[in-house]
Amino acid sequence: MPGKTFYLETFGCQMNAHDSEKVVGTLMAQGYSQVETPAEAHLVLYNTCSIRDKAEQKVFNRLQNFKREAGKGKVFGVLGCVAQQEGEKIFERAPHVSLVAGSASYTRLGEMLVQLEAGNRHVTGLSLDTDETFDTPFTRRDNPHRAYITIIEGCDKSCAYCVVPFTRGPERSRTAESVMTEARRLAEQGYTEIQLLGQNVNSYRDPSPAGWDFAALLARVAEVSGIRRVRYTTSHPRDFVRSIVDAMDSNPVICDHVHLPVQSGSSKVLAAMDRLYTRDDYMRRIEWIRNAKRPYSLTTDIIVGFPGETEEDFGQTLRLLDEVQYDSLFSFKYSPRPNTAALEMGDKIPEEEKQRRLVIVQEKQRAIQIRRNAESIGVVREVLVEGRHQALGQWIGRTSDNRTLNFTHPDSGGGSLVGTYLPVRVTRAGPNSLVGESVTVV
Ligand code: SAH
Ligand code: SF4
Ligand code: F3S
């Protein structure tokens, strides 16, 4: 492949974003250079998401746009969850695609690139039969201050609506030693925030004899010298044990935030979803968090319109939102997905009804957030500065409890504050962010 340039666009979750950082690093180690547009690239890659139908359609729309480029020396590759799900069918649907590889096969990426370079036009990496994790020294990180570390790949749950167990394969935990080595190296390189990643970090189990569970790993990563913030995502309520709250309580380096996806407030719907907990089980965990030694912000994911969700079930979700008072949430209309158990379920909810329920959830949550965020007015919070809003003359900061806090600073004309930690007094609050001004003393 002359020139060896590549373009990569990433869709989906943070695991995909971090996989892309590793893919970019691997490609650069093989002599490729990254370009900003598909037009300039010899190799055009899409790292795809298949969680809902809309996400899946995006990649096919992108590929459609480039149909005419086929045969002009451009090589197209589909990576990630759509690749794993659709497999070789992608070659039929988009004949100009030459590479189809799911995340469980990225350890073979180098080899697959060699095949592409040799002119092979049907290169695949689709085996899920692996106990390996994608540990690579070649990660090319997008952010100079905040770094992702994958601690566990795949998922062994079987939530009835979810493609992830099919697209990312079985659970594989990295050794604690490998995680700790990466954390220490990141601290030495100047990173101050670490985000531990996995589809279900709570089921992490060190495969080496030390056998640390997630709470132990979390506590140890937070002790790495130079690391000021540790976040983690995502938790599964069933595996969210009390020792995780204890670990958080004992070290403020672990951020004041728990993302605990509930999906529904109805135990009947939770059972149909095969979530392995009831509403009461979930609320018990909320109680642990609310009774902890310091306040934690709480966020969640909600699915509306799962098959069989009655008006009464939906009402229970709304009541749960009132009870928990989440600081933020992601809400989705149920989207039927290939291979999943929910496909076979009767009593489907019409699209308009899903839309109606989604709007109700979002309006209720908006009112809750306006109230919750207003509680911060007058309070001084520490932010990590993430960027600058040139037009507004504000810096963009993030608090430990994961709120965006945009603020003004007297030295705004001077050097960049990005990457620094500063105390900021909150002066205004909206539904989705806070506004404030930096102060000299906390
Ligand atoms: N492993 C994580 C996240 C999975 S995907 C977890 O267990 O929470 C992120 C969110 O997408 C899920 O929490 C769920 O709310 C939503 N989601 C997953 N599959 C979906 C589907 N088929 N339709 C609508 N939303 C879905
Ligand atoms: Fe999907 Fe459930 Fe696994 Fe999360 S825990 S990735 S929702 S199967
Ligand atoms: Fe999407 Fe795959 Fe993540 S389906 S949400 S990119 S695990």
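Let us start with a pair of strands: strand S10 (residues 193–197) and strand S11 run parallel and are joined by 5 bridges. Within this pair, Gln195 of S10 has Arg231 in S11 standing opposite. Keep in mind as you look around that this is a predicted model.

The pair belongs to an open sheet of 3 strands, which come in the order S7-S10-S11 with parallel pairing. Strand S7 (146–150) and strand S11 (229–233) stand at the edges with a single partner strand each, so one side of each has no neighbour in the sheet. On average, and ignoring direction, neighbouring strands here are turned by 20 degrees against each other.

Two helices can be followed from this sheet. Helix H1 (residues 14–29) lies across S7, S10 and S11, and runs at about 95 degrees to S7. Helix H7 (residues 176–188) also packs on the sheet, where it touches S7 and S10. The direction of H7 makes about 170 degrees with that of S7.

Now move along to another set of strands. As a reminder, strands of a sheet pair through backbone hydrogen bonds, and they may do so in a parallel or an antiparallel way. Both kinds of pairing can be found in the next stop, a barrel with mixed pairing that 5 strands close in the order S15-S16-S17-S19-S18. From one strand to the next, the twist of this barrel averages 50 degrees.

A good place to step into the barrel is strand S17. On one side, strand S16 (residues 394–399) pairs with S17 in the antiparallel sense over 4 bridges, and Gly397 stands opposite Leu405 in S17. S16 and S17 form a hairpin with 4 residues between the strands. In that hairpin, Asn402 takes a positive phi near 75 degrees. Strand S17 (residues 404–408) also pairs with strand S19 (residues 434–438), this time in the parallel sense and over 4 bridges. Leu405 turns up again here, with Leu434 as its bridge partner in S19. Further along, Phe407 stands opposite Gly436 in S19.

With the strands in view, let us turn to the ligands. Ligand 1 is surrounded by 15 residues, of which the closest are Tyr161, Gln199, Gln263, Asp301 and Ser335. By type, the residues of this shell divide into 6 nonpolar, 4 polar and 5 charged. Several polar atoms can be picked out around the ligand. A nitrogen atom of ligand 1 is 2.8 Å from a polar backbone atom of Ser335, and a nitrogen atom of the ligand is 3.0 Å from a polar backbone atom of Tyr161. Arg52 takes part through its side chain, with a polar atom 3.2 Å from an oxygen atom of ligand 1. How much of ligand 1 does the protein bury? Taken alone, ligand 1 exposes 540 Å², and the protein buries 90% of that. Strand S13 (297–304) and strand S14 (328–333) are the elements that give two or more residues to the shell around ligand 1.

Our last stop is ligand 2. The residues around ligand 2 include three cysteines, Cys155, Cys159 and Cys162. Lys157, Tyr161, Val164, Pro165, Gln199, His236 and Arg275 are also around this ligand. The shell of ligand 2 divides into 6 nonpolar, 2 polar and 2 charged residues. Two of these names may look familiar: Tyr161 and Gln199 are around ligand 2, and both are among the closest residues to ligand 1.

Definitions and conventions
Residues are numbered from 1 along each chain as its sequence is written. Chains are lettered from A and ligands numbered from 1 in the order in which they are written. This is a predicted model: local features need pLDDT of at least 70, side-chain atom pairs count only at pLDDT 80 or more; totals for chains, interfaces and linings use all residues. Side-chain values use heavy atoms; hydrogens and water are left out. A residue is near a molecule or strand if one of its heavy atoms lies within 4 Å of it. Ala, Val, Leu, Ile, Met, Phe, Trp, Tyr, Cys and Pro count as nonpolar, Asp, Glu, Lys and Arg as charged, and the others, Gly among them, as polar. A polar contact is a pair of N or O atoms within 3.5 Å; within protein, one must be able to donate a hydrogen and the other to accept it, and residues adjacent in sequence count only if both atoms are side-chain atoms. Accessible areas come from the Shrake-Rupley method with a 1.4 Å probe; for residues, only the protein chains shown count as cover. Two strands pair if DSSP finds at least two bridges between them. Axes are lines fitted to C-alpha atoms, for helices over the stretch in contact, and angles run from 0 to 180 degrees between N-to-C directions. Contact means heavy atoms within 4.5 Å.
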